[in-house]
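Open the model in your viewer and keep the selection panel at hand. The tour below says what to select next and what is there.

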Amino acid sequence: MKNKKVISMLLTLCLIFYTITTSPYIVNAAAAKKITLNVKTFTLQVGESKSIKAAVTPSGSSGKVKWTSSNKKVAVVSSAGKVKAVAAGTALIKASLSNGKSASCKVTVKEKKVTVKSITLNKTKAEITLDDTLTLSALVVPANAGDRDISWSSSDEDVAFVDDEGTVFPMDEGTAIITAQTGNGVKSSCTVTVLANGEIQTSVTLDSTSITLGVGDEKHLNARIAPEDSEDDALFWDSSNEGVAQVDNDGNILATGAGTAEITVSLPNGKQAECLVTVKANLTPTPTVTPSPKATPTPTATPSPKATPTPTATPSPKVTPTPTAAPSPTPTPTPAPAASSSRISLPGQYYTLALKDNTGLVMDVTGAGQKNGTAVQVYSSNQTPAQQWYVENHDDGTVSLIAGCATTKVLDIMRTNNSTTGALKSGCKVDIYDHNDYPAQHFYIEQFGDGSCVLRLASNTGIVVQASSASQSAALVAGSYDVNNSLQRWYITPAVPAAVTEKEAYVYNTGGQGVFVRSSASTSANSIGGFKEGQKVTVIGDIQNGWYKVRGTDRNTGGTVEGYSHGDYITFNNPGSGADTGSVSFTIRTTAPASSDYHYYSNQNIYYASGWGMPNCTAYAWGRIWEIYGKQLPGGYFTHNACTWWSDNISSGKYKYGSEARVGAIAVWNTNLPYSDGAGHVAVVEKIENGTVYVSQSVYGGYTFKYSAIANTGYLLGYIYIDQPNY
């Protein structure tokens, strides 16, 4: 019986084992045959996340899923399958089982879409006559917004018409509202009043629209009258609250009490300008006065008459110097409250930041550079875009400071190791960098009672922007906040717009056909007029993407037209003055360029950027040609030793060349020139007088600048005529 029971049990176990291994309904982890994901491809923006689900078949099988990313710099994935986008690019997200089975999907990460938050016009009100035009420009914030295209419109085109570039053309007397609008519907407007010729009314503006003072402080406001030669120039000053601020007939303000007041300057014609004055209570004397009653041991002094029975001794508490002596230790630490600051917000516009320790020095982008990592320094005020910073306000109360010379870059603290994971701490370099909304680019502005401000790093408020010294060209660094350090304080005032230079030029190289004037810098833009071959025109500002903004007499209508013409057809030589020597309408350079001149001392100069700046003949000649003609030498050429400039030009056919000296030409010497180390030499022709050629130049390892008559002509290869391009 026992044997039969054993045999029966064995048969039962075998049957159970067979059923388990052959049944389609019972599966173990090792039997899992396939893993699939619920997506094959998907797209995220930087910072976004998405959860992916994995299914293992046959249904009900078990096994731990391991998640991995092929490119963690683009996207990372958690143990639960949640994918987070890190940076633009593509990555494969893989789900694997312990038995080797796996499935993948592709994630494409795109840059975070940044929308336009605000748009600011350079004018909100303007008056023009029927013979004038008005150019409006728009600043879009943030600078890294995606859809920055602007459409322009007029509320009444019978009064004023506006083209695609913001140029307003008066049509008839009246008023029209010119509106600039971005793709996402953000708008800004300017009210334009068109007057009959000769009816422009005198207007007045102030150099500051808002200021903050302490009680007892003084401030002078400068009023500007336009046009400058107006006879209607009497100014009338007024304060809305003389208990807060008083103003005299010359615009001098005296802060008299805490509060706000509006200072108004007006003209007889009713035109006026305002400045909001905020006066803060002067806390400095308060700590030194208020402790004295508390510190005066008056109650303990009263027993003295009891100790002195003489009645005449009772007045002693009144004359005793104890009350003034007792508090003397106390006031010593109390000035701290006078240095307290409060967080402020500023309107979105351009500002200049002057160093408190030396107000003649302002925050400046070194060499007006436009590349990532360009250092920021303090430099003598010159009102150039490199010293103008646009305050971009954020919803959390922080600001970014956009560089006026590079409007896609902002003030930035470079992390240690120059990486996104490095530390933001004292000693880090301050530079400009692409506007990417990283913590290193967001600051709080805090103001003290004396009107000076600190820029606190929002992500670490113990770090502020600081000048390394109060001397010319001192670099800015991240500093540990010190309330008594004036190198960390800045006076922030609205920037004075830099003047746009205008130069005389001529139309040429058109084969007698003349050149079109277009509404914008593009061949697809509408033609709004034209100039004749050889015609004198005015070039406004520097060349931009190969185009000049120009103004002159329209060849068809005889009226004045202002627009854009391509740089290939504009020269600063007078074609009618004779080609034997040339005649260029530039100022002859007889002294060395300033170290702040971006033509020579910025990363826009390819030799300076590569570490071969002045003293160096090629760095100087490259910058001088840019300075004279308003455009840089073409990329890919004129980038090596001086002697190669000649052969590069011939092989590329970029410019005409010859043996005759012409003003504005590049003189090139061969490799046999003594002391040139086989590199040759280049210089720029400045003047030709009585047959003598005068050049300006720099010498590598020698003098930074020299203006003199040309020498060593026996080694001269010839002259490259930059005013005669073949392209």
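Which strand gives the largest share of the lining of the largest cavity? Select β53: three residues of that lining come from this strand, the largest share. Bear in mind throughout that the model is predicted.

**Stop 1: the whole chain**

Show everything as a cartoon. The protein chain has 10 helices and 53 strands. It runs to 727 residues, and 42% of them count as buried. Now switch on the surface. About 36,700 Å² is exposed, with carbon and sulfur atoms supplying 51% of that area. Look at contacts next. Among those with a separation of 6 or more, 58% join residues 24 or more positions apart.

**Stop 2: the largest cavity**

The structure contains two cavities of 30 Å³ or more. Begin with the largest, which holds about 50 Å³ of space. Select its lining: Y508, Y548, G567, I570, T571, F572, Y629, K631, I722, D723 and P725. Colour these residues by class. Seven are nonpolar, two polar and two charged.

Next, highlight two strands, β47 (570-571) and β53 (716-725). Each supplies at least two residues of this lining.

Where does the largest cavity lie with respect to the domains? Colour domain 5 (503-571) and domain 6 (606-725) separately. Both give residues to the lining, so the largest cavity lies between them.

**Stop 3: the second largest cavity**

Keep Y629, K631 and I722 selected; they line the largest cavity, and they also line the second largest. Add I625, Q632, L633 and Y655 to complete the second lining. The volume here is about 30 Å³. By class, this lining has five nonpolar residues, one polar and one charged.

**Stop 4: T205**

Leave the cavities and go to strand β19 (residues 203-206), where T205 is found.

Is T205 buried, partly exposed or exposed? Its relative accessible area is 43%, so T205 is partly exposed. For reference, partly exposed covers the range between the buried limit of 20% and the exposed limit of 50%.

Which residues touch T205, leaving aside neighbours within four places in sequence? Select N222, A223, R224 and A273: T205 is in contact with these.

End with a distance label. Draw it from the C-alpha atom of T205 to that of K271; it should read 9.4 Å. Along the chain, T205 and K271 are 66 residues apart.

How values were computed:
Residues numbered from 1 in each chain as written. Predicted model: local features only at pLDDT ≥ 70, side-chain atom pairs only at ≥ 80, totals over all residues. Heavy atoms only, no water. 1 Å grid on protein atoms, 1.4 Å probe; cavity = no way out; pocket = protein on both sides within 12 Å on 5 of 7 lines; lining within 4 Å. Points joined across faces, edges and corners; volume = space filled by probe spheres on them. Helix = DSSP H or I, 4+ residues; strand = E, 2+ residues; numbered from the N terminus. Nonpolar A, V, L, I, M, F, W, Y, C, P; charged D, E, K, R; others polar. Domains from an automatic or database assignment. Buried < 20%, exposed > 50% of the residue type's maximum accessible area, 1.4 Å probe, protein only. Contact = heavy atoms within 4.5 Å. Areas by Shrake-Rupley, 256 points an atom, 1.4 Å probe, with all protein chains shown as cover.
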